[in-house]
Amino acid sequence: KSDLKNAYTAAQAYFSDNPAGTVDETILNDYGYKKSPHVTFTVVTGTQNALSMTAKGDAGGGTGDITYTVDSTGNIQP
């Protein structure tokens with residue numbers, strides 16, 4: 001969950017500078033996001049109004065084998 005919170009914060013920083021832009025992991029890194037070890041991170045949709053990102057921990061890394069999703073409002077599921 002913390003990866004998604006950090007990625008969401010980085011996305012919001014980017015969108016404040018580029019409201020019509022589209023984020024990807026490279027842009028998020030430029031705005032402060034750093035992926036944790038043992039996490040698979042994906043930007044599903046990178047626009048401000050339809051933002052969707054997922055993060056899944058690798059059970060072997062001790063982070064659990066759960067996929068979390070964050071939406072454009074910052075809501076993280078499950």
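Biologist: Why is Thr54 called buried or exposed here?

Modeller: Thr54 has 19% relative accessibility. Buried means under 20% relative accessible area, exposed over 50%, partly exposed in between (1.4 Å probe, protein chains only). Thr54 therefore counts as buried. The model is predicted: local features need pLDDT of at least 70, side-chain atom pairs count only at pLDDT 80 or more, and totals for chains, interfaces and linings use all residues. Residues are numbered from 1 along each chain as its sequence is written, and side-chain values use heavy atoms, with hydrogens and water left out.

Biologist: What makes up the surroundings of Thr54?

Modeller: Contact means heavy atoms within 4.5 Å. Leaving aside residues up to four places away in sequence, Thr54 touches Leu4, Thr40, Phe41, Thr42, Val44, Thr67, Tyr68 and Thr69.

Biologist: In which strand is Thr54 found?

Modeller: Thr54 lies in strand β2, residues 52–57. Strands (E, at least two residues) and helices (H or I, at least four) are DSSP runs, numbered from the N terminus. The chain has two helices and four strands. Their pattern along the sequence is α-α-β-β-β-β.

Biologist: How do you know whether the radius of gyration agrees with a compact globule?

Modeller: The radius is taken over C-alpha atoms, and the globule rule is 2.2 Å times the number of residues to the power 0.38. For 78 residues a compact globule would have a value near 12 Å; the chain has 12 Å, so the two agree. The C-alpha trace spans about 40 × 25 × 15 Å along its principal axes.

Biologist: What percentage of the chain is buried?

Modeller: Buried residues are 32% of the 78.
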